[in-house]
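Thanks for coming, everyone. Let me put the model up on the screen and walk you through it.

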Amino acid sequence: MPSPEAIAKDNELRLRVVHSGLWRCCMNCEHWGEVVAVTSTERTYSQCGKYDMLPPDEVLIVGCVNHLQSIPF
């Protein structure tokens, strides 16, 4: 089992790869964004703006054919 320090380093590396755009996924896609739920308990969540829904797990991780690399950060 990896140590907490090793897991933290791995997570940091993964985040850098995602933010660099080398790993195409929902998190660095132009279509990904926050939405305010219109319910009795208003909350904010993220979803795909192109399809107006939360993608399946596999698509969240590996991306989709409609990925657009226009990151505002």
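So, let's start at the end of the first helix: α1 is followed by G21, and the phi of G21 is positive, near 90°. When I say helix or strand, I mean DSSP runs, with helices being H or I over at least four residues and strands being E over at least two, numbered from the N terminus.

Quick housekeeping. This is a predicted model, so local features need pLDDT of at least 70 and side-chain atom pairs count only at pLDDT 80 or more, while totals for chains, interfaces and linings use all residues. Residues are numbered from 1 along each chain as its sequence is written, and side-chain values use heavy atoms, with hydrogens and water left out.

How confident is the predictor? The mean pLDDT of the protein chain is 87, and 95% of its residues reach 70 or more; pLDDT is the predictor's confidence in each residue, from 0 to 100. Among the elements, α1 has the highest mean, 94, and strand β1, residues 32-36, the lowest, 84.

Back to α1. Its 17 residues should span 24 Å at 1.5 Å a residue, and the end C-alpha atoms are 24 Å apart, which agrees. That expected span is 1.5 Å times one less than the number of residues.

Now, the pockets. The largest pocket holds about 280 Å³ of space. A pocket here comes from a 1 Å grid over the protein atoms alone: an open set of points where a 1.4 Å probe fits, with protein on both sides within 12 Å along at least five of seven lines, and lining residues have an atom within 4 Å of a point. Grid points are joined across faces, edges and corners, and the volume is the space filled by probe spheres set on the points.

Which element gives the largest share of that lining? That's α1, with four residues. Both α1 (4-20) and α2 (57-62) supply at least two lining residues each. The lining includes R14, W23, W32 and I61, and the split is ten nonpolar, no polar and one charged. For that count, Ala, Val, Leu, Ile, Met, Phe, Trp, Tyr, Cys and Pro are nonpolar, Asp, Glu, Lys and Arg are charged, and the others, Gly among them, are polar.

The second largest pocket has about 160 Å³ of space. Of the 14 residues lining that pocket, C26, C48, P55, V59 and C64 are the closest to its centre.

With those cysteines around, how many disulfides does a search of the whole structure find? Zero, taking a disulfide as a pair of cysteine sulfur atoms within 2.5 Å. Take C29: the closest cysteine sulfur is in C64, 6.2 Å away, so it's too far for a bond. C64 is in no disulfide either, with the nearest cysteine sulfur, in C48, at 6.2 Å. C29 is buried at 13% relative accessible area, whereas C64 is partly exposed at 28%. Buried means under 20%, exposed over 50%, and partly exposed in between, using a 1.4 Å probe and protein chains only.

Last stop, the loops. R24 sits between α1 and β1, and its C-alpha is 7.3 Å from that of H67, 43 residues apart along the chain. D52, in the loop between β2 (44-48) and α2, has a positive phi of about 55° although it is not a glycine. Most residues other than glycine have a negative phi. D52 is also exposed, at 60%.
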